[in-house]
Amino acid sequence: MNPPTQYILLAERHWRIWLPRRVAELERQGLLMAKLCEAAERTVKDTAQLRLHFLQQGLTPNQAAQRAWEIARERYLFLPPED
């Protein structure tokens, strides 16, 4: 699976701003792009699963998609800032 480029770019921008030590360590290990791709792939999978869940709960397709995206992006792309 090729993760969406826009998800990779969103995650990278966020991580560089809010997780500079993590990014530096991943770059040092040569793992930054692999981790960004993994985060994007997980976001795609979770978004699809959550969307189906919310549709079954009675949300409209747009509501289900929006809520799924909001949850999945926080899990994998927009991680909490470092201390």
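The legends below accompany close-up views of a predicted model.

**Figure 1. Overall architecture of the predicted chain, which contains four helices and zero strands.** Read from the N terminus, the elements follow the order α-α-α-α, and the C-alpha trace extends over about 45 × 30 × 15 Å along its principal axes. Of the 83 residues of the protein, 31% are classed as buried. Among contacts between residues at least 6 apart in sequence, 65% connect residues that are at least 24 apart.

**Figure 2. Packing of helix H1 against helix H2.** The axes of H1 and H2 lie 5 Å apart and make an angle of about 115°, and the two helices are therefore classed as roughly perpendicular to each other. On the H1 side the contact is made by Trp 15, Arg 16, Ile 17 and Trp 18, while H2 contributes Pro 20, Val 23, Leu 26 and Glu 27. By residue class, the contact of H1 with H2 comprises six nonpolar residues, no polar residues and two charged residues.

**Figure 3. The salt bridge between Glu 27 and Arg 16.** The side chains of Glu 27 and Arg 16 meet with an N to O distance of 2.7 Å. Because Glu 27 lies in helix H2 (residues 20-29) and Arg 16 in helix H1 (residues 5-18), the pair ties together parts that are eleven residues apart in sequence. Both partners are partly exposed, with a relative accessibility of 42% for Glu 27 and of 39% for Arg 16. The view also takes in Glu 12, which is linked with Arg 16 and Glu 27 in a network of salt bridges. In general terms, side chains of opposite charge can pair when their charged atoms come close; in this model the count comes to eight salt bridges.

**Figure 4. The salt bridge between Arg 21 and Glu 82.** The closest N and O atoms of Arg 21 and Glu 82 are 3.7 Å apart, a separation that falls inside the 4 Å limit used for a salt bridge. Arg 21 belongs to helix H2 and Glu 82 to the segment after helix H4 (61-76), so that the pair, 61 residues apart, links distant parts of the chain. Arg 21 is exposed, at 53% relative accessibility, whereas Glu 82 is partly exposed, with a relative accessible area of 22%.

**Figure 5. The salt bridge between Asp 46 and Arg 75.** Here the side chains of Asp 46 and Arg 75 meet at 2.7 Å, N to O. This pair, too, links distant parts of the chain, with Asp 46 in helix H3 (residues 32-56) and Arg 75 in helix H4, 29 residues apart. At 11% relative accessibility Asp 46 is buried, whereas Arg 75, at 44%, is partly exposed.

**Figure 6. The largest nonpolar core, made up of 15 residues.** The residues with the most contacts inside this core are Tyr 7, Ala 11, Trp 15, Leu 32, Leu 36, Ala 39 and Leu 77. Each of the helices H1, H2, H3 and H4 supplies at least two of the core residues. When residues up to four places away in sequence are not counted, Ala 39 touches Trp 15, Tyr 76 and Leu 77. As a general tendency, nonpolar side chains in soluble globular proteins are buried together.

**Figure 7. A second, separate core of six residues, with the surroundings of Leu 50 and Thr 47.** The six residues of this core include Leu 50, Phe 54, Leu 59 and Ala 72. Leu 50 is found in helix H3 and, at 13% relative accessibility, counts as buried. Apart from its neighbours within four places in sequence, Leu 50 is in contact with Ala 68, Ile 71, Ala 72 and Arg 75. The C-alpha atom of Leu 50 is separated by 33 Å from that of Gln 29, a residue 21 places away along the chain. Thr 47 is likewise placed in helix H3 and is buried, with a relative accessible area of 15%. With residues up to four places away in sequence left out, Thr 47 touches Ala 68, Trp 69 and Ala 72. Ala 68 and Ala 72 thus appear among the contacts of Leu 50 and among those of Thr 47.

How values were computed: Residues numbered from 1 in each chain as written. Predicted model: local features only at pLDDT ≥ 70, side-chain atom pairs only at ≥ 80, totals over all residues. Heavy atoms only, no water. Buried < 20%, exposed > 50% of the residue type's maximum accessible area, 1.4 Å probe, protein only. Axes fitted to C-alpha atoms, helices over the stretch in contact; angles between N-to-C directions. Parallel < 35°, antiparallel > 145°, perpendicular 65-115°, else oblique. Contact = heavy atoms within 4.5 Å. Nonpolar A, V, L, I, M, F, W, Y, C, P; charged D, E, K, R; others polar. Core = buried A, V, L, I, M, F, W, Y, C linked by side-chain atoms within 4.5 Å.
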